[in-house]
Amino acid sequence: MRRSFILKSADNQRGYVLVVCLLVVAALLLLGTTAVLQTATDLKISSNYRGTVQAFYAAEGGVAYGIAKLDKALQSLTPNLTICSPSLSGFTFSEFSITQGASSYPETLSSGTFTGLSAYCRNYTITSSVRGGDNSAAKIVAVVKDIMIPLFQFGIFYEDDLEILPGADMAFTGGRIHSNSDIYLNPDGATLSIDSLVTTAGNMYRRRKGSTGSDGTVRIKDGDDQYQDMTVDSDSTNWETESQSTWDGRVQTEAHGVSELALPLDTSDSKEILGTGSGSLYAKSGLRIVDGIARDKDGNVVDLTYPDPNDPSVTINPISTSTFYDQREDATVTVTEVNMESLMGNSTAMATLADPPEGGDAGILYISSSSDSIRLTDGDTLPSTGMTVVTDRSLYIQGDYNVSNSPASVIADAVTVLSGAWDDADSYSSDLNDRTASDTTVNAAIMGGNRNTQGNQYSGGAENFIRFLEDWGGKTLTYTGSLVCLWESQYATGNWSYGSPVYTAPTRNWSYGMSSSTLPPGTPRVHTLQVKSWQQIY
């Protein structure tokens, strides 16, 4: 009996163990199934999340694509805003559009690189909606602001490399300095002082172009109006941060996100504005003098001659022809000469000047010649409403110009200033002492060309962007205006050369001093884009 009881008890224990094992196996199966199901769910969630993130980045890429295409389109005077949708493997752009705002509006920029400048703005809405193969989707809407900045708000503006390498102390005050390329600062044993904001879409170097050494002293004012020496540049490993701490953000380069400012034209040649096409200042001018014949906006001939008010028997003609020798060009130059005082004495001419074609500005005078350069004389007083003189040829200003500082500019292939002491007869002498300058004042924005530095041949830099042909030693050129270099000269192609027989430099009393509210007639505008708002819809 006892043996039978023991055997039955063992059988019962084995039964209990089996039940327990079965329960454990069931629990493990349940946990395993749950884990598998959870893993599958997690994988599905992860896959959905990944698809959503990928769709988001695809939509964001569509916005970036739209901004790039819009930026390119707006560099034309006649922008084509019909832009095709982007293509991205694995995604379909269910909606892609660029919509232009109703109208442009004036604005003083309150953010971005060019804060404080006046501009004309227009909004564009870019919509980018995508759907992935896994049915993921994203939609982003961005509002982009097209900013058109009147160019003569800059004290110095260069399309190509900007070099400032004066051999004597030089200070530039007032307007901003900007280059779409690189900037090189290296006074030759002198001190270069800059109290302006400096920006470049390239790099900024404390040296001469093509060399590694530095000379003289370069100092730029910080946010507290204190000069700080330039001891770092774009070659420095800590340039991006050190430049900001040194000048409080008043010096910015490509490393800080500065982009190019483009002049909207229908060709890639900035000199289009000097021609006669739809994008030219000729097309916006009320009075045009070509080969000595004056015409109005409709092509009607305008008689520029008139009786002398003091002696009616004498006829005044503001247009004449002269010749002299340009030592830099090493050639005799024939000029169509415009006596500005005499021109302003002709009421018919001035009325024509004040009646531009649609889209033009009153006060734009276009002058050209098939063979001559242009010279402006007796221009010490200009109309208070402003005047811009434009030519596709090289231009000379003789004597004081716009002393009253009306809104004025000269736009030409290249610009040379001749002092009030200039005498054509002395120009042929190779002895520079025969061409001694006198103190002269010029108040006008100047847009022209230069000869870019090539190897050891220096461009002359911004300090010699205004060209000279006299001995200016001990004499002062007082200049107020904006210096804009957008091209290489086509007609005035002589290389920069210092000393006899060409010129010696004046004392440069240069500043900006223009008003953004009363800029010269026909002031060109440069374009940039800025993201105004950005929103993810889903």
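Visitor: Before we start on this predicted model, what counts as a strand here, and which one holds T199?
Guide: A strand is a DSSP run of type E with at least two residues, and strands are numbered from the N terminus. By that count, residues 198-200 make up one strand, and T199 lies in it. So the name you want, under that numbering, is β11.

Visitor: Is T199 buried or exposed, and at what relative accessibility?
Guide: Look at who sits around it: leaving aside neighbours within four places in sequence, T199 is in contact with T113, F114, I177, H178, S179, I183, Q252 and V258. The cut-off for buried is under 20% relative accessible area. T199 falls under that, so it counts as buried, at 5%.

Visitor: Moving on to S368, which strand is it in?
Guide: Residues 364-368 form a strand, and S368 belongs to it. Five of the five residues in that strand are buried, so it is mostly covered. The strand is β23.

Visitor: Which residues of β23 are buried on the side away from S368?
Guide: In a regular strand, side chains alternate between the two faces of the sheet. Here I364, Y366 and S368 share one side, and they are buried. The other side is covered too, and its buried residues are L365 and I367.

Visitor: What does the side chain of S368 make a polar contact with?
Guide: S368 counts as buried, at 10% relative accessibility. Leaving out residues within four places in sequence, its contacts are I289, V290, D291, T391, D392 and R393. One of these takes part in a side-chain to side-chain polar contact with S368, at 2.7 Å, and that residue is D392.

Visitor: Which residue in β23 is the bridge partner of I289?
Guide: Strand β16, residues 287-290, runs parallel to β23, and four bridges join the two. I289 is part of one such pairing. Its partner in β23 is I367.

Visitor: And which residue in β25 is the bridge partner of L365?
Guide: β23 also runs parallel to β25, residues 387-390, with three bridges between them. For L365, the partner in β25 is V389.

Visitor: How many residues are in the largest nonpolar core?
Guide: V389 turns up again here, since L376, V389 and Y401 are the residues with the most contacts inside that core. Y401 touches both L376 and V389, and its other contacts beyond four places in sequence include M340, L382, V410 and V442. The residue count for this core is 71.

Visitor: How many residues are in the other core that lies apart from it?
Guide: L117, M447, L486 and L519 are among its members. That core lies apart from the largest one, and its residue count is 30.

Visitor: How many disulfides does a search of the whole structure find?
Guide: Two cysteines to look at are C121 and C485: C121 counts as buried at 1% relative accessibility, and C485 counts as buried at 4%. For a disulfide, the cysteine sulfur atoms have to be within 2.5 Å. The number of pairs found is zero.

Visitor: What kind of aromatic pair do F468 and W472 form?
Guide: The structure has 19 aromatic pairs. For this one, the ring centres are 5.6 Å apart and the planes are at 65°. The cut-off is over 60 degrees between planes, so the pair is edge-to-face.

Visitor: How many residues apart are Y479 and W510, which also form an aromatic pair?
Guide: This pair is edge-to-face as well, at 5.8 Å centre to centre and 65° between the planes. Y479 is buried, with a relative accessible area of 0%, and W510 is buried at 3%. Y479 sits in β31 and W510 in β33, so the pair links distant parts of the chain, with a separation in residues of 31.

Visitor: Let's finish in the loops: which backbone nitrogen does the side chain of D423 reach?
Guide: D423 is in the loop between β28 and β29. It is partly exposed, with a relative accessible area of 38%. At 2.9 Å, its side chain reaches the backbone nitrogen of A425.

Visitor: What distance separates the C-alpha atoms of G216 and V141?
Guide: G216 lies in the loop between β12 and β13 and is partly exposed at 30%. Beyond four places in sequence, G216 touches P187, G189, A190 and R206. V141 is 75 residues away along the chain, and the C-alpha separation is 51 Å.

Note on methods. Residues numbered from 1 in each chain as written. Predicted model: local features only at pLDDT ≥ 70, side-chain atom pairs only at ≥ 80, totals over all residues. Heavy atoms only, no water. Buried < 20%, exposed > 50% of the residue type's maximum accessible area, 1.4 Å probe, protein only. Polar contact = N/O pair within 3.5 Å; in protein donor to acceptor, adjacent residues only side chain to side chain. Contact = heavy atoms within 4.5 Å. Pairing = 2+ DSSP bridges. Core = buried A, V, L, I, M, F, W, Y, C linked by side-chain atoms within 4.5 Å. Phe/Tyr/Trp six-rings, centres within 6.5 Å; stacked < 30°, edge-to-face > 60°.
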